[in-house]
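Trainee: I have the model open. Can we work through it by question and answer?

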Amino acid sequence: MKLKLDFDINTVNVTEFGVGRDDRDQQVFGMVPVDAKVQKALCEMVRTTWDAMQKDEDGPAIYEPSEKHASTDYLYLPLSDDLATPIRDLHQAQNLPIDSSVLAKVGTMFCYFARLTDKKDKRLTALRRATQFKGVLKSRLLRLVSDSLQLVEDRVFKLDNDFDLLADSANLHILRPSGFEFAGKLQQAILGAVPENIKEISKDLPFVDFSGIESFACKHPRAARYLASIRSLGEMKNIDKKALIRNCENTGVKVKESNGKIIVADGHEMGFLEVLDRRRYEVNLVHEKPERYLAPSRRKIEE
């Protein structure tokens, strides 16, 4: 599925630059004044990012927290999704404060971003995880002056070639999943969402005792990611209890039934979540030699 960008890159009227900093337990965003040359460079970075995304001929797949994505992998996430909340808040923020002293606070920076406005007053937010410019600020840089090399004493801020993600009015367009997860503090958000995800999944699977799984997932990010994925999958309502037990038995996940509820054995929490997330399966190609597999990624084959 090809996605269009709800923004006209060719008619940019306003280009703003800003940074995100960690201030104790909060993320703080501020704007930094920049000249016309920097504004032009930021627009070029946006164009380079979008061009890189267009190289995926099939269009982006939806971002799923339980997937193991490549370092560069064009994905999308609706801006309205709960996982997009930190980026959505930045994208929709009004009157962000000016933070012209940002280079004095380099140790607290976790990202930088650009906000562009086109002729129809549509906004695009582009964000990059802060990695290169931190390294540059700590490095010894040289410049050629009057045929001799001199040490650069001033603080230097180096822009990258592209951004990790773009946000328009409808979607997050993600080029680097790790950059999105870091800037959006997804691990913390997903761990914090475990109780709510368990609550919602339990509504569709009232015959499963999730108490042990909830305790396990609150301490294990991968399990928390599976829960988030299972909830977003939205395919729990019609699961048959007997079929679920049989599938667990066939794939080596130990469960038992007590008082009408399925109870997952200690140490098998991840396996059970993999079953619910359609990742554990059995293949019977050799007579009386079933083979069990765990899919690193899953993609439904359409009939």
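Trainee: Which residues in helix 10 do Arg222, Ala223, Tyr226, Leu227, Ile230 and Leu233 in helix 8 meet?
Mentor: Bear in mind that this is a predicted model. The helix 8 side of the contact includes Tyr226, Leu227 and Ile230. On the helix 10 side, the residues met are Met270, Leu273, Glu274 and Leu276.

Trainee: Are helix 8 and helix 10 roughly parallel or roughly antiparallel to each other?
Mentor: Two packed helices are described by the angle between their axes and the distance between the axes. Here the axes of helix 8 (residues 221-233) and helix 10 come within 9 Å and cross at roughly 25 degrees. Angles under 35 degrees count as roughly parallel. Helix 8 and helix 10 are therefore roughly parallel.

Trainee: Does helix 8 pass helix 10 in a left-handed or a right-handed crossing?
Mentor: The axes of the two helices cross at roughly 25 degrees. As helix 8 passes helix 10, the crossing is left-handed.

Trainee: Why is helix 10 described as largely enclosed by the rest of the structure?
Mentor: Look at residues 269-276, which make up helix 10. The buried ones include Phe272, Leu273 and Val275, and also Glu269 and Glu274. Helix 10 is largely enclosed because the buried residues number 7 of the 8.

Trainee: Which residue just after helix 10 takes a positive phi?
Mentor: Step past the end of helix 10. The phi there is about 60 degrees. The residue is Arg278.

Trainee: With which residue do the side chains of Arg279 meet in a salt bridge?
Mentor: Arg279 counts as buried, at 0% relative accessibility. Its partner counts as buried too, also at 0%. The bridge is 2.6 Å, N to O, and the partner is Asp277.

Trainee: Which residues do salt bridges that share partners join into one network?
Mentor: The whole structure holds 12 salt bridges. Shared partners link some of these residues into one network. Its members are Arg128, Asp160, Asp162, Asp164 and Arg176.

Trainee: How many residues apart in sequence are the parts that the pair Arg128 and Asp162 ties together?
Mentor: Arg128 and Asp162 form a salt bridge, with the closest N and O atoms 2.6 Å apart. Arg128 is in strand 6 (residues 123-129), while Asp162 is in the loop between strand 8 (148-151) and strand 9 (165-167), so the pair ties together parts 34 residues apart in sequence.

Trainee: Arg128 also forms a salt bridge with Asp164. Are Arg128 and Asp164 buried or exposed?
Mentor: In this bridge the closest N and O atoms are 3.6 Å apart. Asp164 sits in the loop between strand 8 and strand 9, so the pair ties together parts 36 residues apart in sequence. Arg128 and Asp164 are both buried.

Trainee: In what order do the 8 strands of the open sheet stand?
Mentor: The pairing is mixed. Strand 2 (26-31) and strand 3 (61-62) each have a single partner strand, so both stand at the edges. The order is 2-1-5-6-9-10-4-3.

Trainee: How many bridges join strand 1 to strand 5?
Mentor: Strand 1 covers residues 12-23 and runs antiparallel to strand 5. One pairing matches Glu16 with Arg115 in strand 5. The bridges number 9.

Trainee: Which residue in strand 6 stands opposite Phe113?
Mentor: Strand 5 and strand 6 pair antiparallel over 7 bridges. Their hairpin has 4 residues between the strands, and Asp121 takes a positive phi near 65 degrees there. Opposite Phe113 stands Leu127.

Trainee: How many of the residues of strand 5 are buried?
Mentor: Strand 5 spans residues 109-118. It is largely enclosed by the rest of the structure, because the buried count is 10 of the 10.

Trainee: At what angle to strand 1 does helix 1 run?
Mentor: Helix 1 (residues 36-54) lies across several strands, including strand 5 and strand 6. Strand 1 is among them. The angle to strand 1 is about 85 degrees.

Terms used. Residues numbered from 1 in each chain as written. Predicted model: local features only at pLDDT ≥ 70, side-chain atom pairs only at ≥ 80, totals over all residues. Heavy atoms only, no water. Buried < 20%, exposed > 50% of the residue type's maximum accessible area, 1.4 Å probe, protein only. Salt bridge = Lys/Arg side-chain N within 4 Å of Asp/Glu carboxyl O. Pairing = 2+ DSSP bridges. Axes fitted to C-alpha atoms, helices over the stretch in contact; angles between N-to-C directions. Parallel < 35°, antiparallel > 145°, perpendicular 65-115°, else oblique. Left-handed = near helix turned anticlockwise from the far one by under 90°. Contact = heavy atoms within 4.5 Å.
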